[in-house]
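Okay, thanks for making room for me today. Let me put the model up on the screen, and then we can walk through it together.

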Amino acid sequence: MTAIDSLTMQIYNGEGAAEIADELIAVYADVYNVPPYAGDPFFSVPTYINRLHAAFEMPGFAALTARQNDGKLLGYVHGVNLNPEQSWWTSLGAARPAEAVQAAEAGDVFWLRELMTLPDHQSQGVGHRLHDLMVNARPESWTTLTCIVDNEPARSAYPRWGYTVIGEIKHAEESPVYDAMVLRP
């Protein structure tokens, strides 16, 4: 058995995730406490707290955590059912596959909002396992996500996992540029 096989995975709805919000925020603070994110107001912990708590209330919210046997949280993924009117999604216009637009209108697209692993546990398969378990547990056929264009190794991982880049977006005026990606059914 490998270290990744011994992890405890647990899924949470918005209410359950709110109960462990401090742990989720602590992982975020550790992951984003490196250049170029450290000191950037868009990636500040208070800004993330607001985004995270807003996500708890979104339709279809779910989080999946990975813990060591001692209970230490190593990483997590969370997402929601994509609102077909989400501004970053609509800003892509005709770059979106027609089938994905139809799926979003039918409530059949999962928006993977965050996937993170503590720095000491990155590149060990934890993130990939979190991703696969979450996507496979979702009722939606399609998955979409956005990834900062220079966020390596994450940016290279998603295409290996089957994602296609469909365009570039910004979540806010002050945000970096992100690649928007889709994972077809």
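So, where in the chain is the place of Pro36? Pro36 sits in the loop between α2 (21-31) and α3 (45-56). I'm starting there since the bond joining Pro35 and Pro36 is a cis peptide, with omega at about 5°. And before I go any further: this is a predicted model, so please keep that in mind throughout.

There's another cis peptide bond to look at, joining Glu152 and Pro153, with omega of about 10°. Pro153 is in the loop between β5 and α7 (154-160).

Okay, let's zoom out to the whole chain. We've got seven helices and seven strands. If you read along the sequence, the pattern goes β-α-α-α-β-β-α-α-β-α-β-α-β-β. The radius of gyration is 16 Å, close to the 16 Å that the globule rule gives for 185 residues, so the chain is as compact as a globular protein of that length. Along the principal axes, the C-alpha trace spans about 45 × 35 × 30 Å. As for burial, 48% of the 185 residues count as buried. And if you take the contacts with a separation of 6 or more, 68% of them come from residues 24 or more positions apart.

Now the sheet. What's the strand order? It goes β1-β2-β3-β4-β5-β7-β6, an open sheet of seven strands with mixed pairing. At the edges you have β1 (8-12) and β6 (164-169), and each of those pairs on one side only. Neighbouring strands in this sheet are turned by 25° against each other on average, ignoring direction.

Let me pick out one pair in there. Strand β3, residues 73-81, and strand β4, residues 109-117, run antiparallel, and seven bridges join them. If you want a spot to look at, find Tyr76: opposite this residue, in β4, stands Met116.

Staying on β4, have a look at Thr117, which is in that strand. Is Thr117 buried or exposed? With a relative accessible area of 9%, Thr117 is buried, because the cut-off for buried is under 20%. Skipping the neighbours within four places in sequence, Thr117 is in contact with Val31, Leu74, Gly75, Gln122, Val126 and Gly127.

Carry on past β4 and you get to Ser123, in the loop between β4 and α6. Ser123 has a phi near 60°, which is a positive value in a residue other than glycine. In contrast to Thr117, which is buried, Ser123 is exposed, at 72% relative accessible area.

Next comes helix α6, residues 126-137. What does α6 lie across? Quite a list: β1, β2 (62-67), β3, β4, β5 (142-148) and β7 (178-183), and the helix runs at about 155° to β4.

After that helix, in the loop between α6 and β5, we find Glu140. Now, this one may catch your eye as a biochemist: Glu140 is buried, with a relative accessible area of 9%. So which side chains does the side chain of Glu140 make polar contacts with? One is Asn81, at 3.0 Å, and another is Arg138, at 2.8 Å. Leaving out the neighbours within four places in sequence, the contacts of Glu140 are Asn81, Gly107, Asp108, Val109 and Phe110.

What about the nonpolar core? The largest one has 61 residues, and the ones with the most contacts inside it are Trp89 and Tyr163. For Tyr163, again leaving aside neighbours within four places in sequence, the contacts are Leu112, His131, Val135, Thr143, Leu145, Tyr158, Met181, Val182 and Leu183.

Last stop is Val177, in the loop between β6 and β7. Val177 counts as partly exposed, at 31% relative accessibility. Beyond the neighbours within four places in sequence, Val177 is in contact with Cys147, Ile148, Val149, Glu168, Ile169 and Lys170. And how far is the C-alpha atom of Val177 from that of Leu73? They're separated by 29 Å, with those positions 104 residues apart along the chain.

That's my tour, so over to you for questions.

Technical notes
Residues are numbered from 1 along each chain as its sequence is written. This is a predicted model: local features need pLDDT of at least 70, side-chain atom pairs count only at pLDDT 80 or more; totals for chains, interfaces and linings use all residues. Side-chain values use heavy atoms; hydrogens and water are left out. A nonpolar core is a set of buried Ala, Val, Leu, Ile, Met, Phe, Trp, Tyr and Cys residues joined through side-chain atoms within 4.5 Å. Buried means under 20% relative accessible area, exposed over 50%, partly exposed in between (1.4 Å probe, protein chains only). Contact means heavy atoms within 4.5 Å. Two strands pair if DSSP finds at least two bridges between them. Helices (H or I, at least four residues) and strands (E, at least two) are DSSP runs, numbered from the N terminus. Axes are lines fitted to C-alpha atoms, for helices over the stretch in contact, and angles run from 0 to 180 degrees between N-to-C directions. A polar contact is a pair of N or O atoms within 3.5 Å; within protein, one must be able to donate a hydrogen and the other to accept it, and residues adjacent in sequence count only if both atoms are side-chain atoms. The radius of gyration is taken over C-alpha atoms; the globule rule is 2.2 Å times the number of residues to the power 0.38.
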